Amino acid sequence: MKRTKEQEFIREYNRAYGKAVGAERKKRKLSLENLSSGIMSRTKMEMVEKGTAQWTKMEGDTLMLRMGIPPEYFESLASGEDLERWRKREDICLLVPAQPEEAAAAIGDYRSKYRKREPLEEQFLLKAEGILMLERQRTAGGEAEDPKIILDTAMQAVKCTIPEGWEQNLGAFCLSPGELDAVLLVSAALFENGRKEEAWQLWQAVWDYPGQHGWRKRAMTMVLPQAAVLGFRMAAALEEQGEPGGRNTAMGSMAAGGRETGLPGKGLKALKLLRENGCHCYVLPLLDCLCECDTSLFAEPEYLEQVKAFRKMFLDIYAWFGYPGYRIWQGISVDNTRDAGMTLKMLRKFDGKSREKAVYDGDERVISPRQLERIEKGLHKPSYENYDRLVKQYGKFGGWNMPLLETDSLEVLEQRQLISTLMEYGIWDKAEWEIQKFRTRVNPAFPKVRQELLFFDAVLKQKKGGDLQECLEMLLEALRCTVPDFEGKDMKYWVYQREEIMIASNIGSFYRRLGKLEEAKKWFEAVLFSVGQLSERTGICNYGFDVAAESYDNYLGDICDFSKAVEINEEAARKDLLIFKINGIRRLFYRIAWNIYEVAKEKRKPEEYEFFRLKWRMAFEISKTMADFMYDSNLKTFLEVRVEKFLS
């Protein structure tokens, strides 16, 4: 393939994110100061929009989330330290509130190791400490903590990034889900201090905030479930204390709101958001609260039984993997983020270069081999300019935040996301219609746009019964749009971006269906190895592992390696649980059930067979209930005809 020239790109990748932020800010008539307040200066905010500033992952995501836009439309790069900090914060999330001593120790270690912290980091730590205090207060019957200290900690957390005056008019400020979490903490602390009317008013302000500010639904899932849980808990406390406004109605206007707008109605709205977006943020605590409601509070009484089934399913999933269903969330995700140092190292290996040769941009040396070594190890962060110059030699372009397509239009990126979702759920007629509209809004001369259209065309052609070899050639052409000269190269060292993972996995699947199993195996294992390498340093799994695992599973079935198939699917499910979106789990558990069923056929001892029978039944039940949870009618139909096989 001829290497893509920089002149082919009308937009520069490292500026597209800033352009998108700026365009959305102006559309919402927000000032630079309002959007950036508490995170960065006005001057730096201007530089972000021009694509000339170097910001952290946490800062960039928060700017987008303050406008209610999930940053999942962008792929990000971060330094080794940025990702290591995220990993350590994630460790804290998995410990709070269930393991308070371990959580407190992890918070102390974080403060000790990272003396210099961003305001958002300090806010996170204070929130975690405040939640631990509230949990001790709740479990010890109000004797463990001084409520005034809890309130002071919560107020400190808010003040890390939110200016004065927020108590009087929360809606006047630009706030992210993580910052609204801090405000919810203040609401809970006010309640503990007996200031219940203030607590409810603040709670209501948080609940109303996403809708008043036009947030995308995916961003709402990051705060409304937690808000609903807090509302239920405050109402339950009032009920226990014999005060008006108990669990099933709450207080004030909510008591008069009835079934649809009262507290149970809000809980159901939060649950619907999670279901529609395939997320599990605070889902188990929310289901706990809903299960305690009276049947009469549900518009459809039978829905309570469905809610109970969802709760059992999540308890089973979390128990299967030893995952803490009662945990806190950071408010940002890194599943679309790659380590800059590991990226440079893998691309260098892909191209077969030594560090001495890889430091040159044409005839000019960019950095020293020693500096490159430190960057690859995650000990040093390259500048925008240096990173860009280093990756161009491999056909990669872009700064630290790159849109999934060559566009700075969030509407186009949202439409692409819709198409992907429709294809994932097998809604092909609607997907084809959206693709036709998509074509009119993009420029097919751009490599990533051309790649996307070729991928869509290949998949649709195959679904309509097209020639597999022709479809395969279309996918290979699509991959060549962004991967230079991959024939004869070791593809396991290529740094696959999100769409490249989808394409490469489908290439492997088409080779498998054509009977070329060795070629299929090569592609599957290359993608899985690459994704694994990128996550090795920090334990973070990038988007796409479950997609590659699903394709690999089919190959393992062909060669009858069912035990390995169970292992790879369980690994994918375990990784999925660490992020907000768990769409893939519904299919993963069916494949787990199918493979365990096949493994059991080889067991001669009755007790071994019975062990596997119980396991495949549970996996199948999880898949069946998860299809219901995620409104996946196609999967429900698929599973219904297999009930007798797996549940008899």
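How many bridges join β1 to strand β2, and do the two run parallel or antiparallel? Let's start there, keeping in mind that this is a predicted model. Three bridges join β1 to β2 (residues 337-339), and the two strands run parallel. One pairing to look for is alanine 78, whose bridge partner in β2 is aspartate 339.

Now turn to the other neighbour of β1. Strand β5 (residues 401-403) is also joined to β1 by three bridges, but here the strands run antiparallel. If you pick out serine 76, you will find asparagine 401 of β5 standing opposite. With these partners in view, the surroundings of β1 are easier to follow. Five of the five residues of this strand (residues 74-78) are buried, so β1 is largely enclosed by the rest of the structure. Both of its faces are covered: Glu75 and Leu77 are buried on one side, and Phe74, Ser76 and Ala78 on the other.

From here, move along to helix α5 (residues 80-95), which holds glutamate 90. This residue is buried, with a relative accessible area of 2%. Leaving aside residues up to four places away in sequence, glutamate 90 touches Arg327, Gln330 and Leu578.

Next comes the nonpolar interior. In soluble globular proteins, nonpolar side chains tend to be buried together. The largest nonpolar core here has 229 residues, and those touching the most other members are Trp166, Phe314, Ile317, Met491, Phe589 and Phe629. Phenylalanine 629 is a good one to centre your view on: beyond residues up to four places away in sequence, its contacts are Leu271, Leu274, Arg275, Cys279, Val283, Phe310, Met313 and Phe314.

Helix α25 (residues 498-513) offers a check on geometry. At 1.5 Å a residue, its 16 residues should span 22 Å, and the end C-alpha atoms lie 23 Å apart, which agrees. Of those 16 residues, 14 are buried, so α25 is largely enclosed by the rest of the structure. Just after the helix, glycine 515 takes a positive phi of about 85°.

Finally, have a look at some open space. The second largest pocket contains about 1200 Å³. Its lining is made up of 40 residues, with Glu135, Arg138, Val229, Leu230 and Arg233 nearest the centre. The elements that each give two or more residues to this lining are α7 (119-139), α9 (177-192), α12 (224-240) and α15 (283-291). Of these, α12 gives the most, with nine residues.

Conventions
Residues numbered from 1 in each chain as written. Predicted model: local features only at pLDDT ≥ 70, side-chain atom pairs only at ≥ 80, totals over all residues. Heavy atoms only, no water. Helix = DSSP H or I, 4+ residues; strand = E, 2+ residues; numbered from the N terminus. Expected span 1.5 Å × (residues − 1). Buried < 20%, exposed > 50% of the residue type's maximum accessible area, 1.4 Å probe, protein only. Core = buried A, V, L, I, M, F, W, Y, C linked by side-chain atoms within 4.5 Å. Contact = heavy atoms within 4.5 Å. Pairing = 2+ DSSP bridges. 1 Å grid on protein atoms, 1.4 Å probe; cavity = no way out; pocket = protein on both sides within 12 Å on 5 of 7 lines; lining within 4 Å. Points joined across faces, edges and corners; volume = space filled by probe spheres on them.
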